[in-house]
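Me: Could you take a close look at the inside of this protein with me? I would like to know what sits there and what it touches.

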Amino acid sequence: MQPKQATVRNQLFSAALVAAAITAAPDSQACERQSGAVRGALLELYTSEGCDSCPPADRWVATLRKRGFASNQVIPLALHVDYWNDLGWVDPFAQAVFSARQREFARRLNARTVYTPALLLNGREYTHWQSADLKTELERINRQPPRADIRLRLDADARTLRASGEVKPRPDVVGAALYLALYENNLKSDVRAGENRGHTLEHQFVVRHLLGPLTLGTVSTRFDERFTLAATWKRADLGVAAFVQESRGTDVLQALALDLCQTATKKNP
């Protein structure tokens with residue numbers, strides 16, 4: 001490619017990022033988001049409060065937004081596994097379903113074992129998180145044409161968060177599923193046992209509930225799912241990530257995230 005052509009392509013890509021960020025921002029009336037021309041990258045962190053090598057990875061993921069990585073570029077999710085729970089400290093955010101998801105994708109990727117901290121970037125093991133190549137990797141993923149379109153709307157009352165919308169896979173997609181992840185930010189734990197005993201751990205993008213796989217049709221699929229909200233969850237720190245992933249492989253075809261708009265919260269009668 002000639003330098004002039006590369007410059008034009010970079011300008012178009014930058015414009016697409018900006019446009020996606022603008023159109024994806026929720027307005028004051030409807031808590032809604034529509035995916036666009038940029039392919040969002042899903043970053044899954046498998047972690048545990050019982051693992052003393054996990055806090056650096058937790059902090060690295062927690063600072064992505066502060067380091068300038070926009071929500072239409074990368075969608076982080078922290079999934080706390082439960083296989084550390086019998087080694088001295090029971091992680092309050094751990095769920096067996098997250099351990100099962102990690103093991104399933106290890107099987108699909110022909111990995112011999114699972115471990116923490118572990119990161120998957122768009123369904124592939126990402127081991128270079130301590131280096132400075134995330135920007136390059138995200139640009140590579142973001143430039144790829146998205147293979148699905150997602151529209152997501154959030155509505156909430158005192159007890160329930162409703163996630164509804166529509167998914168349209170591209171014509172060449174055969175076998176894909178939708179996942180919805182309810183996450184919470186700004187969480188903190190005072191660990192009193194195990195490898196991190198005596199430390200206060202802070203977390204962002206912690207998955208509280210994962211729905212899926214929801215099978216998709218070949219043309220268009222509408223979805224309408226509900227999450228039951230615990231009284232202890234901070235409404236201002238909740239959001240939902242929606243992503244489309246291969247049913248048998250691991251590739252993520254499109255992903256987006258939407259924080260719960262406070263204007264969308266309704267009083268329960």
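Reply: Happy to; we will start with the chain as a whole and then go inside step by step.

This is a predicted model, in which local features need pLDDT of at least 70 and side-chain atom pairs count only at pLDDT 80 or more, while totals for chains, interfaces and linings use all residues. Residues are numbered from 1 along each chain as its sequence is written, and side-chain values use heavy atoms, with hydrogens and water left out.

The chain has four helices and 14 strands (DSSP runs numbered from the N terminus, with H or I over at least four residues for a helix and E over at least two for a strand). Of its 269 residues, 48% are buried (under 20% relative accessible area with a 1.4 Å probe and protein chains only; over 50% is exposed, and in between is partly exposed). The contacts (heavy atoms within 4.5 Å) reach far along the sequence: taking those between residues at least 6 apart, 72% link residues at least 24 apart.

Now for the inside itself. The largest nonpolar core (buried Ala, Val, Leu, Ile, Met, Phe, Trp, Tyr and Cys residues joined through side-chain atoms within 4.5 Å) has 29 residues. Which of them touch the most other members? They are Leu152, Leu154, Leu161, Leu180 and Val244. Two or more residues come from each of β6 (148-156), β7 (160-169), β8 (176-184), β12 (221-228), β13 (238-246) and β14 (252-259). Of these, β6 gives the most, with five residues.

Try picking out Leu161 on your screen. Leaving aside residues up to four places away in sequence, Leu161 touches Leu154, Asp155, Ala156, Leu182, Glu225, Arg226, Phe227, Leu229, Val240 and Leu260. Apart from this core there is another one, of 24 residues, including Trp84, Phe98, Tyr179 and Ala257.

A helix also has a side to show us here. In α2 (55-62), the buried residues are Pro55, Ala57, Asp58, Trp60 and Val61. What do they pack against? The partners are the strands β2 (41-47), β3 (74-80) and β4 (118-121), the helix α4 (134-143), and the strand β10, which covers residues 200-203.

Let us finish with the cysteines. The structure holds one disulfide (a pair of cysteine sulfur atoms within 2.5 Å). It joins Cys31 and Cys261, and their sulfur atoms are 2.3 Å apart. Cys31 belongs to strand β1 (residues 31-34) and Cys261 to the segment after β14, so the bond ties together parts that are 230 residues apart in sequence. The bond has a handedness too: the torsion about S-S is about 85°, so the disulfide is right-handed.

Are its two ends buried or exposed? Cys31 is buried, at 1% relative accessible area, and Cys261 counts as buried as well, at 9%. Two further cysteines are worth a look while you are there. Cys51 is buried with a relative accessible area of 1%, and Cys54 counts as buried at 0%.
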